[in-house]
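These notes are meant for a colleague who is opening this structure without having seen it before. Please keep the sequence and the 3D view at hand while going through the numbered points.

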Amino acid sequence: MEFVRRNFSTEWSDEWQGKLICFQFIQLLSFLIIHLLFVELHAIGYLSAAGFGAKLLGVFGNGMVQSFINARTLTPSDMKMPKLAAEIAKQLRKFHQVEIPGSKEPQLWIDIFKFFEKASTLKFDDIEKQKKYKEISFEEVHNEVVELKELTDRLNSPVVFAHNDLLSGNLMLNDDEGKLYFIDFEYGSYNYRGFDIGNHFNEYAGYDCDYSLYPTKDEQYHFFRHYLAPDKPNEVSDQDLETLYVEANTFMLASHLYWALWASIQAKMSPIDFDYLGYYFLRYEEYTKQKEKCLSLARSYLSASRDE
C-alpha cells in the first residue's frame, strides 16, 4: 500500500488491490509456464533417452513431436495390484536415477511457499466462493507448513529428479506386452524421494479422494522392496524399509498441503468447472486427520536414530 502511495500519489483502493492481485497472478502464471517449458523442452529429452514416456522424435521452437504410445491409462485400483505396484516401484527407481543438467535444488518448499503467498491474497467476485475462501485460516496453514518443513529437513530424504504427479492418469500399460509407461512430466523437478513416493501413495485414493484406499504398511513395504532392490526385493533390510516408510508417510503430509494450496489458486485462475475450493478442504482435512500419527512416527524414528 505504501508503495502505491509513494509512487502513484494516490490512496489504496479496491481497484488498486484488484490490479495488484492481477499482477501477482500474471507472475505466478509466468512461473508455471517457464517451468513447463523447461521440463517439456529440456528434461524430456533426457527422460526419453532413458526410456520414459513416448519416444522424442524432434523438437522445434516451442514444441515437440513424440511417438504414439499403444497402451491404456491405469485406474487407481490398478496401482494397488501387487504386480503393477512392483513394476511402478522399479520404474520409479530408474526415473529417480536420471540425471538432468541444471540446478538440483529441491523444489517442494519453494513451490509451497510460492503457492501460499498467492493463495493467501485471493479475492473472489463470486459471493459464495469468497465466503468459502474466508473459512481458510492461512495463519494456521503457514504454521503447519513451517512445522512440517522443519521436521522433513531432519529426515535427509535423498534429492532426485522426481515426477511429482504420479497419479493413475499419468501411468499407461500395454497389457499384451506388460510394458508400463510414465507420462506427463510437466510437474517434474528435483525433489525429495519421500515426496514423490508419498504423493504417489495419496493417489491410491483416486479422483473421489477415498483415502481409505491409502496403502497399508504391508502394501507399502511391498512397494519399497521393489523400489530399493528390484533384483532382490526380499533381501532389503528392515532398517531400509523403516527409513523409507517414515520418509513417504511424512512427505505424504506435504503432498496434501501442496495440492490444497494449488487447488485454492486454481479456484481463482482455472476456467474449468470444478469445485477447487472443495478440493482444497478435502486435502487439508485429510492432512489434519493424518498429521499427529505421521509426525509421531517421524519423531520417534529420529529420536531412535539419535540414540543409536
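1. A term is needed before the strands are discussed: two strands are said to pair if DSSP finds at least two bridges between them. With that in mind, β5 and strand β6 (residues 179-182) pair in the antiparallel sense, and they do so over four bridges. Please bear in mind throughout that this is a predicted model.

2. For orientation, the chain has 308 residues, of which 49% are buried, and its secondary structure comes to 11 helices and seven strands. If one takes the contacts between residues at least 6 apart in sequence, 75% of them join residues that are at least 24 apart.

3. The pairing of β5 with β6 can be followed residue by residue, since L171 has F182 in β6 as its bridge partner, while L173 stands opposite L180 in β6. Together the two strands form a hairpin with four residues between them, and in this turn G178 has a positive phi of about 70°.

4. Which strands form the open sheet, and in what order? There are three, arranged in the order β3-β5-β6, with antiparallel pairing. The edge strands are β3 (72-73) and β6, each of which pairs on one side only. Helix α4 (residues 82-96) packs on this sheet, where it touches β5 and β6, and its direction makes about 50° with that of β6. As general background, the strands of a sheet pair through backbone hydrogen bonds, either parallel or antiparallel.

5. Just before β5 in the chain, N170 deserves a look, as it lies in the loop between β4 (159-162) and β5 (171-174). Is N170 buried or exposed? Its relative accessibility is 5%, and because buried means under 20%, N170 counts as buried. Leaving aside residues up to four places away in sequence, N170 touches H163, D165, Y181, F182, I183 and D184; of these, F182 was met above as the bridge partner of L171.

6. Turning to the helices, α5 (residues 108-119) and α10 (residues 238-269) pack at an angle of about 35°, with 9 Å between their axes, and their crossing is left-handed. On the α5 side the contact involves L108, W109, D111, I112, F115, F116, K118 and A119, which meet F251, A254, Y258, L261, W262, S264 and I265 in α10. Sorted by class, this contact has 12 nonpolar, one polar and two charged residues.

7. Helix α5 also packs against helix α7 (residues 138-153), here at an angle of about 175° and with the axes 11 Å apart. Because angles over 145 degrees count as roughly antiparallel, α5 is roughly antiparallel to α7. From α5, residues W109, I112, F113, F116 and A119 meet a set in α7 that includes F138, V141, V145 and L148. By class, the contact of α5 with α7 has 10 nonpolar, two polar and two charged residues. Residues W109, I112, F116 and A119 appear in the contact with α10 as well as in the contact with α7.

8. Finally, L122 is found in the loop between α5 and α6 (127-133), and with a relative accessible area of 6% it is buried. The C-alpha atoms of L122 and A267 are separated by 9.6 Å, although the two residues are 145 residues apart along the chain.

How values were computed
Residues are numbered from 1 along each chain as its sequence is written. This is a predicted model: local features need pLDDT of at least 70, side-chain atom pairs count only at pLDDT 80 or more; totals for chains, interfaces and linings use all residues. Side-chain values use heavy atoms; hydrogens and water are left out. Buried means under 20% relative accessible area, exposed over 50%, partly exposed in between (1.4 Å probe, protein chains only). Contact means heavy atoms within 4.5 Å. Axes are lines fitted to C-alpha atoms, for helices over the stretch in contact, and angles run from 0 to 180 degrees between N-to-C directions. A crossing is left-handed if the near helix is turned anticlockwise from the far one by less than a right angle, and right-handed if clockwise. Ala, Val, Leu, Ile, Met, Phe, Trp, Tyr, Cys and Pro count as nonpolar, Asp, Glu, Lys and Arg as charged, and the others, Gly among them, as polar. Angles under 35 degrees count as roughly parallel, over 145 as roughly antiparallel, 65 to 115 as roughly perpendicular and the rest as oblique.
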